[in-house]
Amino acid sequence: MLVAVHDVTPAHAGRLDVLYRLLEEFAVRQYALLVVPDWHGAWPLDAYSEFTAALRERAAAGAEVVLHGLRHDEVGLPRSLAHRVRTFGRTDREGEFASLAPADAGARIRQGLATLHASGLEPIGFVPPAWLGGPGLEAVVREAGLAFTEDARGVVAVAQGRRLHAPATCWSTRRWWRAAGSIAVAALRLRLERAHPLVRIAFHPPDAGSRRVFASCRRTLGALLERREVTGYRELLRVAAEAAARPDR
């Protein structure tokens, strides 16, 4: 399974520490950090040297850095009816890349990469906020020199154009009924997805602020670790590349 911590930004530093402690509790050392360069246009990474130094330490210890949008919001972006329909129920106006044209998506990715590189972070992939990408995103990610992107259904190794099916478990805390529903779905997934060779588990900072949701996060992580091994994106991409190179592919 792949383990990821989403929305890594100084704005969520306290709750991120809670999620890191959860991973340490289960001795999970290989996980992805989905870093937002300028959360909602108000939390630029380059203004928080201690935070970025801690991210570099985690990367040196085995965590994989992933670019996760630029601002992680939709401020200043057109919200057409089609966009509203596509994002309805999936994000609270944070589908930054859901409707961006390739040129606009590429510009934001390049800006985000420049910010991360200036902070000494080397991302290996790009994941759009809420797993919602616009047209041509895979090609844009490949042109940016990154190795993968992903959506709610799976991971795409962009060099080979190879999709790896991997259902993702995550939680919602925006409403009490959404929290209750996500807890129930997480428990159901443990049973229904036993046969899947690869699954993902995605933690978000608000998970740490809800007692019931956080308890579900702990139960789910513990149950998955009883029967699965944690892998990383680099290893997954290596296997995908080897499979694509085989003559009998």
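In this predicted model, the side chain of Glu150 makes a polar contact of 3.3 Å with the side chain of Arg200. A second polar contact, of 3.0 Å, joins the side chain of Glu150 to that of Trp131. Glu150 belongs to strand S7, which covers residues 148-150. The residue has a relative accessible area of 4% and is therefore buried, since the limit for that class is under 20%. Leaving aside residues up to four places away in sequence, Glu150 touches Phe126, Val127, Pro128, Trp131, Val155, Arg200 and Tyr233. The two polar partners of Glu150 are also related to each other: the charged end of Arg200 sits over the ring of Trp131, 5.4 Å from its centre.

A similar arrangement of charge and ring involves Arg58, whose charged end sits over the ring of Tyr20 at 3.7 Å from the ring centre. Tyr20 in turn leads to the nonpolar interior, as it is one of the residues touched by Val5. Not counting residues up to four places away in sequence, the other contacts of Val5 are Leu16, Leu19, Leu23, Tyr31, Ala32, Leu33, Leu34 and Phe203. Val5 is also among the members of the largest nonpolar core that touch the most other members, together with Val8, Leu33, Ile109 and Phe203. This core has 49 residues, and its largest share, six residues, comes from helix H7. Apart from it lies another core, of 20 residues, which includes Leu34, Val155, Ala202 and Ala240.

Helix H7 runs over residues 211-225 and has 15 residues. From its first C-alpha to its last it reaches 21 Å, close to the 21 Å expected at 1.5 Å a residue. Its buried residues are Val213, Phe214, Ser216, Cys217, Thr220, Leu221, Gly222, Ala223 and Leu224. An α-helix has 3.6 residues a turn, so residues three or four places apart point the same way. The cover over the buried residues of H7 includes helices H1 (13-25) and H6 (176-192), as well as strands S10 (168-169) and S11 (200-203).

Helix H6 also contains Ser182. With a relative accessibility of 9%, Ser182 counts as buried. Its C-alpha atom is separated by 8.1 Å from that of Val213, although the two residues are 31 residues apart along the chain. Beyond residues up to four places away in sequence, Ser182 touches Cys170, Trp171 and Ser172. The contact with Ser172 has a polar component, in that the side chain of Ser182 reaches the backbone nitrogen of Ser172 at 3.3 Å.

The aromatic residues complete the picture. The structure holds four aromatic pairs. One of them joins Trp43 and Tyr48 in a stacked arrangement, with 5.5 Å from centre to centre and 25° between the planes. Both members are partly exposed, Trp43 at 29% relative accessibility and Tyr48 at 28%. Trp171 and Phe203 form another stacked pair, with 5.8 Å centre to centre and 10° between the planes. Because Trp171 lies in the loop between S10 and H6 and Phe203 in strand S11, this pair ties together parts that are 32 residues apart in sequence. Both of these residues are buried: Trp171 has a relative accessible area of 6%, and Phe203 is at 0% relative accessibility. Trp171 is thus a contact of Ser182 as well as the stacking partner of Phe203, while Phe203 is itself touched by Val5.

Conventions. Residues numbered from 1 in each chain as written. Predicted model: local features only at pLDDT ≥ 70, side-chain atom pairs only at ≥ 80, totals over all residues. Heavy atoms only, no water. Helix = DSSP H or I, 4+ residues; strand = E, 2+ residues; numbered from the N terminus. Expected span 1.5 Å × (residues − 1). Buried < 20%, exposed > 50% of the residue type's maximum accessible area, 1.4 Å probe, protein only. Contact = heavy atoms within 4.5 Å. Phe/Tyr/Trp six-rings, centres within 6.5 Å; stacked < 30°, edge-to-face > 60°. Lys NZ or Arg CZ within 6 Å of the ring centre and 35° of its normal. Core = buried A, V, L, I, M, F, W, Y, C linked by side-chain atoms within 4.5 Å. Polar contact = N/O pair within 3.5 Å; in protein donor to acceptor, adjacent residues only side chain to side chain.
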